[in-house]
Amino acid sequence: MADELTHSARPHAMSSGFPAMTDLKRLVRTIPDYPKPGILFRDVTTLFGDGPGFKALLTQMTDRYRGTPIDAVAGIEARGFILGGAMADRLGCGFVPIRKKGKLPWRVHAEDYALEYGTDTIEMHQDALDRGRRVLIVDDLIATGGTAAAACRLIGRAGGEIVGACFVIDLPELGGAAKLRGAGIDAWALMQFDGH
Ligand code: AMP
């Protein structure tokens, strides 16, 4: 039996206690052929929408970094904002938004990254970090790692030091987390899913 939701299934409330990682994985909805044929879209809104599940998710994601000096969490638009703001609060540090092109109001650093067809751009304020600030990157999912690698370049250009990059989901077949680790970044995800 699949250990994840299909697009027609509805997440159920946790019966009792503290949801384990396997339960959290069941709260991720999988939507086949979205946004295009062949893609299994891993939808974390069903996990975010479950009160005990969201709380357990944040606890497990922040626990890994307790005791690590972190000055800021950098969240990647948009689901990385939902995670990153809550994680920054729990870790007692600042939050820095990494946004899609054209959204930030002040001077920005910009980095392009490859999509399957063409490129996209993410940006960060040039003055978002003081030199040497220790930064944890957060997003919902790592696939090819192109987005996270571009976020690493932005933080490097701003003078920040990358403590790690964390995700709810890794798709290991696409190799992104392995690529980051190969570049010396401590990349970590709470759960993994097969496929694309
Ligand atoms: P990548 O740059 O290839 O690592 O892609 C990561 C970004 O694309 C993240 O911001 C994800 O939210 C999104 N993404 C890529 N693949 C999926 C997928 N199968 N399901 C949900 N989101 C995805």
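This is a short tutorial dialogue on reading the fold, the domains and the cores of a predicted model.

Q: Let's begin with the overall build. How many helices and strands are there in the protein?

A: Counting the elements is a good way in. This predicted model has six helices and nine strands.

Q: How do I read the radius of gyration of the protein?

A: Set it beside the value expected for a compact globule with 196 residues, which is near 16 Å. The protein has 17 Å, so the two agree. You can also look at the box around the C-alpha atoms: along the principal axes it is roughly 50 × 40 × 35 Å.

Q: What share of the residues is buried, and what does the exposed surface consist of?

A: Buried residues account for 45% of the 196 in the protein. On the outside, about 9700 Å² is exposed, and 51% of that comes from carbon and sulfur atoms.

Q: What do the contacts say about residues that lie apart in sequence?

A: Take the contacts with a separation of 6 or more: in 58% of them, the residues are 24 or more positions apart.

Q: Which domains does the assignment give?

A: Domain 1 covers 1–63 and domain 2 covers 68–196. Their centres, taken over C-alpha atoms, are 21 Å apart. Domain 1 brings 21 residues to the contact and domain 2 brings 23.

Q: How should I read the area that the two domains bury between them?

A: The general idea first: the size of an interface is often given as the accessible area lost when the parts come together. Here, domain 1 and domain 2 bury about 2000 Å² between them, with 76% of it on carbon and sulfur atoms. On the domain 1 side, Arg42, Met61 and Thr62 supply 33% of the area buried against domain 2, more than any other three residues.

Q: Where is the largest nonpolar core, and which residues have the most contacts inside it?

A: This core has 28 residues, and Leu57, Met61 and Met191 have the most contacts inside it. Helices 2, 3 and 4 and strands 7, 8 and 9 each supply at least two of its residues. Both domains give residues to the core, so it lies between them. There is also a second, separate core of 27 residues, including Ala72, Ile76, Leu154 and Ala189.

Q: Could we zoom in on one residue? What is leucine 57 in contact with, beyond its neighbours within four places in sequence?

A: Leucine 57 is in contact with Leu24, Leu47 and Phe48, and also with Leu83, Val168 and Leu190.

Notes: Residues numbered from 1 in each chain as written. Predicted model: local features only at pLDDT ≥ 70, side-chain atom pairs only at ≥ 80, totals over all residues. Heavy atoms only, no water. Core = buried A, V, L, I, M, F, W, Y, C linked by side-chain atoms within 4.5 Å. Buried < 20%, exposed > 50% of the residue type's maximum accessible area, 1.4 Å probe, protein only. Helix = DSSP H or I, 4+ residues; strand = E, 2+ residues; numbered from the N terminus. Domains from an automatic or database assignment. Contact = heavy atoms within 4.5 Å. Rg over C-alpha atoms; globule rule 2.2 N^0.38 Å. Areas by Shrake-Rupley, 256 points an atom, 1.4 Å probe, with all protein chains shown as cover. Buried area = accessible area lost by both parts, 1.4 Å probe.
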